[in-house]
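Colleague: Before I use this chain for anything, I would like to go through it with you. Please keep the answers short and end each on what I asked for.

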Amino acid sequence: RVFVCLFYFCMFLSPIRLMTSTQNHQKQILGRIGTIISQKLTENLKPVKLEVIDESYKHAGHSGNPGGNGETHFKVEIVSEEFIGQPLVKRHRLVYNILDQEIKEGVHALSIVAKTPEESQKL
């Protein structure tokens with residue numbers, strides 16, 4: 001019962017979602033690189049919301065993912081108070097600096113949506 005409750009909290013109630021998109025639009029748990037991305041952003045930016053989405057399947061066969069089986073293309077949607085007063089370019093630089101090692105080791109593309117809590121409340 002404890003496991004089920006913990007799983008339910010992590011998957012549905014927690015503001016930090018470790019997910020990957022698939023071709024049939026189902027959600028699945030992230031792989032190793034996606035999990036590292038989530039951990040680093042959580043540790044450094046203390047987000048109120050974080051969603052890391054592995055979109056590598058969309059780029060199978062392209063130069064950044066020639067075999068189609070790597071974790072190479074990610075979308076990050078993050079809401080953090082650390083972005084207050086920061087222009088968009090600085091927010092993106094901050095995320096890129098945090099994930100510098102992963103980018104050097106094979107993350108080919110990183111799409112970033114970085115907002116403050118106030119901005120995330122606007123439609």
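**Strands, core and confidence**

Modeller: A starting point is a pair of facing residues: Val79 stands opposite Lys115 in β6. The model is a predicted one.

Colleague: Which residue stands opposite Ala109 in β6?

Modeller: Strand β5 covers residues 73-79 and runs parallel to β6, with seven bridges joining the two. One facing pair is Val79 with Lys115. The residue opposite Ala109 is His73.

Colleague: Along strand β6, which side chains point to the buried face?

Modeller: The side chains of β6, residues 109-115, alternate between two faces. Ala109, Ser111, Val113 and Lys115 point to one face and are not buried. The side chains on the buried face are Leu110, Ile112 and Ala114.

Colleague: How many residues of β5 are buried?

Modeller: β5 has a partner in β6, joined in parallel, and another in β4, with which it pairs in the antiparallel sense over six bridges. In the pairing with β4, Leu50 stands opposite Ile78. β5 is mostly covered, and of its seven residues the number buried is five.

Colleague: Which element supplies the largest share of the largest nonpolar core?

Modeller: That core has 18 residues, and those with the most contacts inside it are Ile37, Leu41, Phe74, Ile78 and Val95. At least two residues each come from α2, β4, β5, α3 and β6. The largest share is four residues, and the element that supplies it is α2.

Colleague: Leaving aside neighbours within four places in sequence, what is Leu41 in contact with?

Modeller: Leu41 is one of the residues with the most contacts inside the core. Val95 and Ile98, both among its contacts, are buried residues of α3. The full list is Lys46, Pro47, Leu50, Val76, Ile78, Val95, Ile98 and Leu99.

Colleague: Why do the buried residues of α3 lie on the same side of the helix, and what arc do they cover?

Modeller: The buried residues of α3, which spans 88-98, are Arg91, Val95 and Ile98. They are on the same side of α3 because the arc they cover around the axis is only 65°. An α-helix has 3.6 residues a turn, so residues three or four places apart point the same way. On the other side of α3, the exposed residues are Val89 and Asn97, and the arc of the buried ones is 65°.

Colleague: Which elements do the buried residues of α3 pack against?

Modeller: Arg91, Val95 and Ile98 are the residues concerned. They pack against three helices and a strand, namely α2 (32-45), α4 (100-104), α5 (117-121) and β6.

Colleague: What is the pattern of the chain along the sequence?

Modeller: The secondary structure comes to five helices and six strands. Of the contacts with a separation of 6 or more, 63% are between residues 24 or more positions apart. Read along the sequence, the pattern is α-β-β-β-α-β-β-α-α-β-α.

Colleague: Which element has the lowest mean pLDDT?

Modeller: The mean pLDDT of the chain is 76, and 65% of the residues reach 70 or more. Values stay under 50 over residues 1-26 and over residues 64-68. Among the elements, α3 has the highest mean, 97, and the lowest, 40, belongs to strand β2.

Notes: Residues numbered from 1 in each chain as written. Predicted model: local features only at pLDDT ≥ 70, side-chain atom pairs only at ≥ 80, totals over all residues. Heavy atoms only, no water. Buried < 20%, exposed > 50% of the residue type's maximum accessible area, 1.4 Å probe, protein only. Pairing = 2+ DSSP bridges. Contact = heavy atoms within 4.5 Å. Arc of directions from axis to C-beta. Core = buried A, V, L, I, M, F, W, Y, C linked by side-chain atoms within 4.5 Å. pLDDT = per-residue confidence, 0-100.
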